Structures are given as structure tokens and as C-alpha cells.
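Take a walk through this predicted model. The route starts at the ligand, moves on to the space around it, and ends in the interior.

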Amino acid sequence: MNSETLYQRIGGENTVRAIVHRFYQLMDELPEAWELRKIHPEDLSGSEQKLFMYLSGWLGGPQLYVERYGHPRLRARHMPFAVDSQARDQWMMCMKIALEERVSEGDLREELLKPLGDLADFMRNKPDHG
Ligand code: HEM
């Protein structure tokens, strides 16, 4: 048994910040993430700060997002944006690369990717055709 939180195991605040920063950099730069990029604001710094705060709590660290904004209601907050399978896949692609580059331990990456994939899937709110 490992009693440490995922937050502690990946390296705490610095690593969470590094992952999120790289995530949005990739979203901004990769042509394959264009459809995802274009539903985000031009300035990604606010999105980056919010995802950092959210993931901090989600990983078992300080509940920064909840303290500031209350219950995440994450699915409801995504309703203004059309999230289909393509958007989900692009989100996960950026996250997978960011984790590969910022978390060296493969097992730990897998532990993160599985629940993040489930969460991203749950965020879908638009049928893929029609
Ligand atoms: C499945 C594909 C996803 C798409 C297309 C998507 C898209 C977006 C967009 C367009 C925004 C608004 C950006 C902004 O307010 O600056 C947003 C906000 C946010 N997203 Fe996602 N997202 C996805 C998945 C996720 C997942 C899996 C998480 C959590 C791990 C997440 C966490 C957040 C948070 C915390 C916010 C800020 C909410 C707020 O306080 O307004 N998103 N997302």
C-alpha cells in the first residue's frame, strides 16, 4: 500500500504546474489539437490557472479550486462548449504527451491517465454526428 497521495507521488505543486503549462502549450501548438484549441479563449492563462487549481485538489493536494469557486460541477461548466469525441481525444492527446514529458514513472502515468480518460469521456455533451 502506498499512503502518499498522487499529488505527493508526482512531485507536488511544481509538477502539477509543469504538467498543466505543457498541456496548454501543446494545445496551442499542435495542429492535431486545433478543434480543441479554437473553443478555448485566445489567452490561455486563465484556463491554465483553473486547471492547475482543479488538478491540485483532484490529485489529493490542496483543494484550491473548491476553495475559490465552490463545487466544481465540471460537466455543467463544460456545457457552453461543444465537447464531442474528437475534442475528448484531443484533450487526452495533449494530456498524455504532457504527462510523458513531465512524469518520469510509467506506472504513475498510467494511474493518472485511466481516471482522467474516464473524466474526459464523461465531459462529452455533443453527439459526434448530427
Ligand atoms: C473532454 C474534453 C474537454 C474539453 C473539450 C474541455 C474544454 C474546456 C473549455 C473550452 C473550458 C473553458 C476554458 C476557460 O474557461 O478558460 C474548460 C474549462 C475547464 N476545464 Fe475542461 N475540457 C475538457 C476536459 C476536461 C477535463 C477532463 C478536466 C479535468 C480534469 C477539465 C477541467 C476544466 C476546468 C477545471 C475548467 C475551468 C472551469 C471553470 O471554472 O470555468 N476539462 N474546459
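**Around the ligand**

Start with the ligand. It has 21 residues around it, and the nearest are Leu36, Ser47, Tyr65, His78 and Trp91. Three of these deserve a stop.

His78 comes first here. Its NE2 atom sits 2.0 Å from the iron atom of the ligand. No other protein donor reaches that iron: His78 is the only one. A polar atom of the His78 side chain also lies 2.7 Å from a nitrogen atom of the ligand. Look for His78 in helix 6, which covers residues 74-78.

Next come two contacts to ligand oxygen. In Tyr65, an N or O atom of the side chain is 2.4 Å from an oxygen atom of the ligand. In Ser47, a polar side-chain atom is 2.6 Å from an oxygen atom of the ligand.

**The second histidine**

Now turn to His40. It belongs to a loop, the one that joins helix 3 (34-37) to helix 4 (45-58). A polar atom of its side chain lies 2.9 Å from the backbone oxygen of Leu36. Leu36 is itself among the residues that come nearest to the ligand. Leaving aside residues up to four places away in sequence, His40 touches Tyr24, Met27 and Ser47. Ser47 thus links back to the ligand, with its polar contact at 2.6 Å to a ligand oxygen.

**The largest pocket**

How much space lies in the largest pocket? About 700 Å³. The pocket is lined by 24 residues, and Tyr24, His40, Leu74, His78 and Trp91 are the closest to its centre. Both histidines met above are in that group.

Several helices build the lining. Helix 4, helix 5 (64-69), helix 6, helix 7 (85-102) and helix 8 (106-122) each give at least two residues. Helix 4 supplies the largest share, with five residues. What is the make-up of the lining by class? The count is 18 nonpolar, three polar and three charged residues.

**The enclosed space**

Leave the pocket and look for cavities. The structure holds one of 30 Å³ or more. The largest cavity has a volume of about 70 Å³. Its lining consists of Ile10, Val16, Ile19, Leu55, Trp58, Leu59, Met95, Leu99, Leu112 and Leu116. Helix 2 (12-29), helix 4, helix 7 and helix 8 are the elements that contribute two or more of these residues. Nonpolar or polar? This lining has 10 nonpolar residues, no polar and no charged ones.

Helix 4, helix 7 and helix 8 also appeared among the contributors to the pocket lining. Trace those helices to pass from the pocket to the cavity.

Terms used:
Residues numbered from 1 in each chain as written. Predicted model: local features only at pLDDT ≥ 70, side-chain atom pairs only at ≥ 80, totals over all residues. Heavy atoms only, no water. Donors = N, O, S within 2.8 Å, 3.2 Å for Na, K, Ca; no water. Helix = DSSP H or I, 4+ residues; strand = E, 2+ residues; numbered from the N terminus. Polar contact = N/O pair within 3.5 Å; in protein donor to acceptor, adjacent residues only side chain to side chain. Contact = heavy atoms within 4.5 Å. 1 Å grid on protein atoms, 1.4 Å probe; cavity = no way out; pocket = protein on both sides within 12 Å on 5 of 7 lines; lining within 4 Å. Points joined across faces, edges and corners; volume = space filled by probe spheres on them. Nonpolar A, V, L, I, M, F, W, Y, C, P; charged D, E, K, R; others polar. Near = heavy atom within 4 Å.
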